[in-house]
Structure formats: C-alpha cells, structure tokens
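Colleague: Please take a close look at the ligand site. Which residues surround the ligand, and what lines the pocket?

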Amino acid sequence: MTATVTTPSSIESIPTGLFIGGQWRDAADGRVFDVENPATGAVLAVVADAGPSDGDEALAAAVAAQSDWARTAPRYRSEILRNAFDLVMSRQDWLAEVMTSEMGKPLAESKGEVAYAAEFLRWFSEEAVRISGDHTTTGDGANRIIVTREPVGPCVLITPWNFPLAMGTRKIAPAVAAGCTMVLKPAPQTPLTSLALAAIMQEAGLPDGVLSVVNTTDAATVVVRWMSSGKARKVSFTGSTGVGKLLLRQAADTVMRSSMELGGNAPFIVCADADIDAAVEGAIAAKMRNMGEACTAANRMYVHRDIAATFSERLAERMAALRVGNGLDSSTQVGPLIDAAGRAKVQRLVDDALERGAKALTGGQLPEGPGYFYPPTVLADVSTESELMTTEVFGPVAPIVPFDNEDEVIRRANDTDWGLVGYVFTQDVDRAFDLAERLEVGMVGVNNGVVSNPAAPFGGVKQSGLGREGGKVGIDEFLEYKYFSVPRRRGR
Ligand code: NAP
C-alpha cells in the first residue's frame, strides 16, 4: 500500500497498513480510507481501514503476549521506553511535519507536542523501575500481608485527533512501564502519527504483540468487540464525554478498569487586581494552543467588570495580530480547524452568541478559500444564556463575560457538568488559593495558561473523567494490587 499525495515528502516514509502482532499488513477485506490535510483539503495518504476481524486479531495478539510481557524485568521495559524517547526526539522535525500535515497545527506547536509526548516515554521509563508494594502484619500478628502490584492485563487505548502523538504516549508509556499489552485505536483524522509511533516503538525494542495499532473508520464495531470480549481488562479513553459514557456502559458488562479523559468547559477568571498583560498572555496560551481545539482550552472568560474593557481590547489586539495559515509555513501561528464539521460547529456557536447580543471585537466571520480556517475571535458582553458558555467550543473563540464579585464568579464557573481545568489570574496569593480551591476541577492554572506536564497528574472531576494520566500516579491506572497472606510464627 502506498501513500498517494506526497506533501511533504516525510509522509512517504510512514507505514500505511495496520500494525498487528508486530507485522504491518493490509485490512483483511482490503478496505482503505483517505487522510486529509485540513489546510488544503488534499488527500495526504491512504491507510488501511480495519474491520472486526482485524480488530479481533489485534486483541488476540495482545492476549497472547500478556503473560510473558508481564514477567519481563522492569529495567528491560524501562530501556525500551528510554530508547523510544531518544528515537522520538531524534525525529522531532519529521514527526512534527507529519502531525501538522494531518492535523493542521503550526509546526512550532507540533514540535512542542513531540517534545511533550516524548517526555511521557522518558517519565515512565523512570517510573517502570519504581513500582513498589507494601509489607505489614495483621493486627492480631497471625499473618504477614505482602502487597505486590501486577499489570492489569491487555488494554484498549482510544485516542482523539487533537494531540495525536501525546495522547498516544500518555497511555502507551505507562502501560509499557506497568507490563500491560495493548491495542490502540487512533482517530481516523490522524492515524499517520500513531503509525509512525508504532514503528518507533518496534525499533526501540518493543516485542511483537505488546502494541497493535488498528486504524478504522468503524470504531463502534471494532471497539465493542474488544469491550465485550472479556479478554481486555482495561479501557483508557481520551475523547468526548458522550463517547466516554458509551464506553463506560460497555465496560460495565465485563467489569473493565476504566480511565476516562473527557471534555472540558474551562473557566478563565481574571480578577480586578490581576496583571492585565500577564492575564492576556495567559489567555492566549490557554485559548489559542492547538487553535482552541484542546480539552484544556479556556472556554469561558470571566473578567472583573473594572478591567473587562481593557482586558478585552488588549486580548482582541493580540488575537487579531496572530498569523493564520497553513501550519507547514513556519510563520503561521494559527492553523486550520480539523474538518468542515468542526468549523461549522464553531461558526454556529459564534452566530448564536452574536444573536444574543455579544459584540465581535475581532473575527467572527468565515474566511473564503480552501481549508478549514477560522479567524481568532474575541466576543465581548456575551450573554450567559449563549450556547458557547455551556458547550466546548473547540475553536479559536474567546467569549468574555464581566463579573462583579468572587462568590458570583465561582458559582458561574462551577455551574457546569464538566470539571477538567480552571484558570485564575490575580496578584493576591490568598485570593489565588481561595479561588483555586473553590473551583470544582481536577487542575488549576494559577497565573498560568498552560497546565499540561508529564510530571503532573492530568485529569478531571465530574463529567470530565475518571483517573489521572502522568505524574507519579499515572502508572497506577495500569496496575492491580495483589496481596499474599502468609502465616507467621506467633510471638507474644
Ligand atoms: P470523540 O469523537 O469522542 O472521539 C475520540 C475517539 O473515540 C476517536 O478515536 C473516535 O473514533 C473514537 N470513538 C468514537 N465513537 C466511538 C465508539 N462508539 N466506540 C469506540 N470509539 C469511538 O472525540 P474527538 O472529537 O476526537 O476529540 C475531541 C474530544 O476529546 C473533546 O471533547 C476533548 O475535550 C476531548 N479531549 C480530552 C482530553 C483530556 O485529556 N481530558 C484530551 C484531548 C481531548 P471515530 O472518530 O472514528 O469515531
């Protein structure tokens, strides 16, 4: 199977098959699908489109490899991850070009994502050799309690298109470190990055069957068979809350361990005493990373009424100056959205806000021409009734709502089913901690528009998810406790 259109040439070197049990191959029924460049609408590559029997084979490979893999030495698994880190970083430019081509984000952001994604490989190479247990004695002194940790078993990993490399390594690296085998289903918009990663993992020394990658346009059929098999013991999903709930229902039937990294609706709070320039830069980081197509994106900006006009003007000025274009052009700061449906949703939400009285300080209009571009947009005086206050916008749109006091802003910020991340900007330390503690979220950026870091536990509360990825606890999601009860000679 070969790629059809070759812009850039780096795409030619990506395998386009399915990666099952350490082998590259076509789909059993020969089906393929196109991968598009969202900046041009051109077909970048044609990749194999797995059906149910391909998926079943991938899971069978994971099941077959599990027991030997679980018994490998931690240092062996650690060194595979460290090799993978080195390989990913040595190919940072190549991977960035591939990612930008299929996903659209500017090259500089893709390079940043490659480094971020690689760091999970390095972080968990370090964690693999630190899996610890416990040893205690029962209260009556009759038994020793020896607690060990074992890999949970074959895992189903499902990733979205917005961070195609990092969402993969954030799951693969802890699973490898823990000694789990896995089947990965990447998003159909961005399979090339995952296929490139699979090739790197194999080159780094990962044994056959430990990781399979199954690209498909029929996720529902392929995945439900994994979920109902009784053989896969864990599902780790990153994507929308709706699909997460569906997978949780499926997981219930076979009582699978479940980690869910779902949607967000992040409040971004700017207090009257905030350093306004720092808050504007924080807003740009929290809003415009990945063109706003991030679960951590600032979705609702609450700005104290005393500074709302100044903040809005400065943010609009910064947003209007950002260069929009093809991400492969090194001067581009804002790439296209992922596809026509994603862009249509953003436009619908903006139109709704404008109809309800919001003012567009910049942007708000669909541009002409090819590609799924949307201009950086700042909306002032947004009604809290607007749909974009309750829906993940997933685009470069900053809606600003003024507030008058802290109780009011906390009530509004928490008035949502989501709870992934929140942001607070203030120069008063007490106020910062007070507001951060009162936000119902898993993560808070305090005078900081970027919270993601491999050394930190990433995840949300409420309908934003279950479990954490990264940090010291990231490996726990892939481990089970087992305890041995061993009688001891009784003393007094
Ligand atoms: P999505 O539509 O939920 O898709 C995510 C993945 O699930 C894709 O691979 C998708 O494949 C697959 N999928 C869809 N239906 C499925 C089914 N019935 N069974 C099994 N798999 C299924 O989400 P998205 O639009 O790609 O990503 C955006 C969402 O991800 C946003 O809500 C964002 O907030 C969230 N996200 C969360 C985090 C986090 O860490 N909390 C990080 C990044 C993104 P198909 O496309 O083929 O259906």
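Modeller: What follows goes from the ligand outwards to the pocket. This is a predicted model, in which local features need pLDDT of at least 70, side-chain atom pairs count only at pLDDT 80 or more, and totals for chains, interfaces and linings use all residues. Residues are numbered from 1 along each chain as its sequence is written, and side-chain values use heavy atoms, with hydrogens and water left out.

The ligand is surrounded by 29 residues (a heavy atom within 4 Å), the closest being Thr-159, Arg-170, Ser-240, Leu-262 and Glu-392. Polar contacts are pairs of N or O atoms within 3.5 Å. Glu-392 has a side-chain N or O atom 2.4 Å from a ligand oxygen; for Arg-170 the distance from a polar side-chain atom to a ligand oxygen is 2.7 Å, and for Glu-261 it is 3.5 Å. Alone, the ligand exposes 900 Å², of which the protein buries 86% (Shrake-Rupley method, 1.4 Å probe).

Helix 7 (219-228) gives the most to this shell, three residues (helices are DSSP runs of H or I, at least four residues).

The ligand takes up the space of the largest pocket. A pocket is an open set of points on a 1 Å grid over the protein atoms alone, where a 1.4 Å probe fits, with protein on both sides within 12 Å along at least five of seven lines; lining residues have an atom within 4 Å of a point. A molecule sits in it if more than half of its atoms lie within 2 Å of its grid points. Helix 8 gives the most to the lining, with six residues.

Note on methods:
Polar contact = N/O pair within 3.5 Å; in protein donor to acceptor, adjacent residues only side chain to side chain. Helix = DSSP H or I, 4+ residues; strand = E, 2+ residues; numbered from the N terminus.
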